[in-house]
Structures are given as structure tokens and as C-alpha cells.
Amino acid sequence: MSGHVSPKSMYFTIFGALMFFTALTVGVAFVDLGHLNFPVALAIAITKATLVILFFMHVIHSSRLTKLIVATGFFFLLILFGLTMTDYLTRGIQPNGQKGSMITQH
Amino acid sequence: MVQQKESVTLGMWVFLAQEVMFFGGLFMAYLLYRVWYPAAWAEGSQELDVMLGGINTVVLIGSSLTMAFAVRCAQLGQNKATRNWLLLTLVLGLVFVVIKGFEYYHKFEMHHIPGADFVFHGPNADQIQIFLSLYFMMTGLHALHMLIGFGILAWIAGMAHKGRFSPEYYSHVEMAGLYWHFVDIVWIFLFPLLYLVDRVHHVG
């Protein structure tokens with residue numbers, strides 16, 4: 001229930017973790033991970049957002065209905081990304097399996 | 001009372017889920033153009049100041065911490081402490097917006113504002129204009145949310161100053177907190193996506 005009062009130490013711990021991940025995402029951006037730089041940056045951001053949602057926004061103590069609404073928002077975001085990208089990224093592909101002229105340039 | 005609290009929280013989260021979709025359209029545009037024009041994204045990102053962006057990240061997460069303490073004090077019925085934490089949150093938010101203002105002004109001086117006055121040399125100039133358009137749209141919409149947040153914080157701080165809140169009645173503070181943390185989360189994504197695209201290679 002929303003009446004749950006968390007100890008101060010919990011907030012400081014989460015804040016410390018968020019600072020750690022901020023430093024990590026800056027540091028790792030200057031290291032060459034090839035194609036992994038983008039996924040790693042995203043993974044760190046998602047981790048930070050999850051910490052904020054669960055502990056600063058008290059979702060961990062919320063009802064299951066509230067948790068469902070929270071998850072729904074992000075679920076529909078993934079549908080938006082997923083369906084749009086499957087469209088745009090497959091537009092140049094011909095039925096014979098060969099990659100045709102990409103229509104992405106201008 | 002329990003049911004009222006539940007519906008307030010639920011309603012706020014429905015609003016925030018809508019906000020996720022609101023920002024989601026811009027993130028979608030960002031993702032697609034990043035996949036299409038990776039070189040322009042790498043080069044455009046170098047134009048942004050990692051130091052200022054990083055400082056703003058620390059400031060904004062810090063303001064989320066003070067906001068969390070404001071809610072905690074409201075839960076305990078400590079009106080004075082609630083007011084002080086809210087005002088500290090407001091000050092940190094102002095610091096963020098002022099730093100953002102300096103960044104915008106620098107872009108203005110460089111003629112990096114997309115539009116008729118846009119000047120950028122190199123083969124990727126057109127695509128970098130798209131990157132900077134998204135930069136201004138996304139950070140601008142985020143900054144607009146912060147400005148609205150200032151109004152909410154000032155209003156709630158005024159209520160706390162009058163001693164309106166008690167352990168049974170503090171939904172205003174909690175909902176303002178949810179809004180503020182959401183704005184923080186948007187920035188948590190904007191910072192790496194805009195400032196840290198490809199810092200390994202020194203292009204351009």
C-alpha cells in the first residue's frame with residue numbers, strides 16, 4: 001500500500017546506485033565495445049529507470065493493479081518500437097531473398 | 001481512505017503511462033534515424049557537452065532524492081521538513097534548467113539550431129540537422145515538463161507551509177513525487193542517447 005514508509009537508508013542506497021550507474025555509463029561510452037556500446041548504454045539506463053520506479057516511486061509496495069498499469073505503459077512502447085522497426089528495416093528486402101536498393105536514403 | 005489512495009495512485013500511473021507514449025513517439029523517431037544515419041548520430045553527439053550533461057544528470061537524480069525525502073516527511077506528517085525538501089527539489093530543478101539554458105545558448109551561437117539559420121560543414125550536415133532537431137524536441141519537451149513541475153512544487157510547498165498534510169492526507173506530495181521521478185527517468189534515457197552516442201571515435 002502507498003502508506004509504506006521506507007527507511008532513509010534505502011533512499012541513500014538507491015541514490016548511490018544511480019550515481020554509480022551514471023559514472024559507469026559515461027565511462028563505458030569511452031571504451032570501444034563495437035556494436036555493444038549502444039545495448040550496454042540502454043541496459044544501464046533501463047536498470048537505473050527500474051530502480052527509480054521500484055524504490056523512489058514505491059511501485060515495489062504498490063498493488064498488483066498499479067504494477068500492471070506500469071508494465072502496460074512500457075509494453076505498448078515495445079510494441080511501438082517493434083512493429084515500426086520490423087516495417088522500416090525490412091523495406092529493402094526483395095521476395096527472392098536478395099537485398100534490393102535501400103529506400104532509406106532521403 | 002485506502003480505496004481513495006489506491007485510485008489516486010492508479011490514476012496517476014495511467015497518466016504516466018500516457019506520458020510514456022507521448023515521449024515514446026520521439027524515442028521512436030530517434031531510434032529509426034539513428035539506425036539509418038549512424039555516422040551523423042556519432043558526429044552530432046560530439047557537439048554536445050558530456051560534462052554539462054553529466055552534471056545535469058547528477059543534479060536531476062539528486063532532486064529525485066530530495067523529492068523522495070519530501071514524500072517521506074509528508075508520510076510522517078512533518079510539514080516543515082516537507083516544505084524544505086520541496087524547495088530544495090525546486091532549486092535543484094532550477095539549476096538543471098539554467099545549465100540547459102547555457103547549452104541551448106551555446107548552440108544558438110554556433111548556429112546549430114535547426115532551421116533557416118542552421119550552419120554545419122561536412123558531408124553529414126543534413127542528417128546532423130535531424131539529430132539536432134530531435135535533440136531540441138526531446139530536451140525541450142523534457143524541459144517543458146520541468147517548468148510545469150516547478151509550478152506543482154511551488155503549489156505543494158505552499159500547502160506544506162500551511163501545515164495541510166498529515167499521515168492520513170499527503171496524496172498531493174506523493175503524486176507530485178511520481179511526476180517528478182518520471183521526468184527524472186526521461187532524462188536518464190536522454191543523457192546516454194543524446195550525449196554518449198559514439199564517444200570512442202573522434203569523428204568530424
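Is His111(B) buried or exposed? In this predicted model, His111(B) is exposed, because 11 other C-beta atoms lie within 10 Å of its own, and a residue counts as exposed at 12 or fewer. You will find His111(B) in the loop between helix 4 (79-109) and helix 5 of chain B. Its backbone deserves a look too: His111(B) is not a glycine, yet it has a positive phi of about 60°. As background, most residues other than glycine have a negative phi.

Let's step back and take in chain B. Its secondary structure consists of six helices and zero strands, so that, going from the N terminus, the order of elements reads α-α-α-α-α-α. The C-alpha trace of chain B spans about 60 × 30 × 30 Å along its principal axes. Of the 204 residues in chain B, 42% are buried. Contacts in this chain often bridge long stretches of sequence: when residues at least 6 apart are considered, 80% of the contacts join residues at least 24 apart.

Now follow the chain on either side of His111(B). Helix 4 of chain B and helix 5 of chain B have axes that come within 9 Å and cross at roughly 160°. Angles over 145 degrees count as roughly antiparallel, and these two helices are therefore roughly antiparallel to each other. Helix 4 of chain B passes helix 5 of chain B in a left-handed crossing. On the helix 4 side, the residues that meet helix 5 include Leu86(B), Leu90(B), Gly93(B) and Phe96(B); on the helix 5 side they include Met146(B), Gly149(B), Leu153(B) and Ile156(B). By class, this contact has 13 nonpolar, seven polar and two charged residues.

Helix 5 of chain B also packs against helix 6 of chain B, at an angle of about 160° and with the axes 10 Å apart. This pair, too, is therefore roughly antiparallel, and helix 5 of chain B passes helix 6 of chain B in a left-handed crossing. Among the residues that helix 5 brings to the contact are Tyr135(B), His142(B), Gly149(B) and Ile156(B), while helix 6 brings, among others, Val173(B), Trp180(B), Trp187(B) and Leu190(B). Here the residues divide into 16 nonpolar, five polar and no charged.

Which residues have the most contacts inside the largest nonpolar core? They are Ala70(B), Leu86(B), Phe131(B), Val173(B) and Leu190(B), in a core of 73 residues. The largest share of this core, 17 residues, comes from helix 6 of chain B. Val173(B) is a good place to zoom in: leaving out residues up to four places away in sequence, it touches Ala70(B), Val71(B), Ala74(B), Thr82(B), Ile156(B) and Phe165(B). In general, nonpolar side chains tend to be buried together in soluble globular proteins.

Helix 2 (residues 38-46) of chain B has buried residues as well: Ala40(B), Trp41(B), Ala42(B), Glu43(B), Gly44(B) and Ser45(B). These buried residues pack against helix 1 (2-36), helix 5 (125-161) and helix 6 (171-195) of chain B.

Next, turn to where the two chains meet. The contact takes 39 residues from chain B and 38 residues from chain A. On the chain B side, helix 1, helix 3 (50-75) and helix 6 are the elements that give two or more residues. Helix 1 of chain B gives the most, with 16 residues. The chain B side divides into 26 nonpolar, seven polar and six charged residues.

Val52(A) shows what such a meeting looks like from chain A. This residue is found in helix 2 (residues 37-56) of chain A. Val52(A) is buried because 20 other C-beta atoms lie within 10 Å, and 20 or more is the cut-off. Setting aside neighbours within four places in sequence, Val52(A) is in contact with Met57(A) and, across in chain B, with Ser64(B), His181(B), Asp184(B) and Ile185(B). The C-alpha atoms of Val52(A) and Ile14(A) are separated by 7.8 Å, although the two residues are 38 residues apart along the chain.

A little further along chain A, His58(A) lies in the loop between helix 2 and helix 3 (64-88). Its phi is near 60°, a positive value in a residue other than glycine. With 24 C-beta neighbours inside 10 Å, His58(A) counts as buried, whereas His111(B), where we began, is exposed.

Notes:
Residues are numbered from 1 along each chain as its sequence is written. Chains are lettered from A and ligands numbered from 1 in the order in which they are written. This is a predicted model: local features need pLDDT of at least 70, side-chain atom pairs count only at pLDDT 80 or more; totals for chains, interfaces and linings use all residues. Helices (H or I, at least four residues) and strands (E, at least two) are DSSP runs, numbered from the N terminus. Two residues are in contact if their C-beta atoms, placed from the backbone, lie within 7 Å. A nonpolar core is a set of buried Ala, Val, Leu, Ile, Met, Phe, Trp, Tyr and Cys residues joined through C-beta atoms within 7 Å. Ala, Val, Leu, Ile, Met, Phe, Trp, Tyr, Cys and Pro count as nonpolar, Asp, Glu, Lys and Arg as charged, and the others, Gly among them, as polar. Axes are lines fitted to C-alpha atoms, for helices over the stretch in contact, and angles run from 0 to 180 degrees between N-to-C directions. Angles under 35 degrees count as roughly parallel, over 145 as roughly antiparallel, 65 to 115 as roughly perpendicular and the rest as oblique. A crossing is left-handed if the near helix is turned anticlockwise from the far one by less than a right angle, and right-handed if clockwise.
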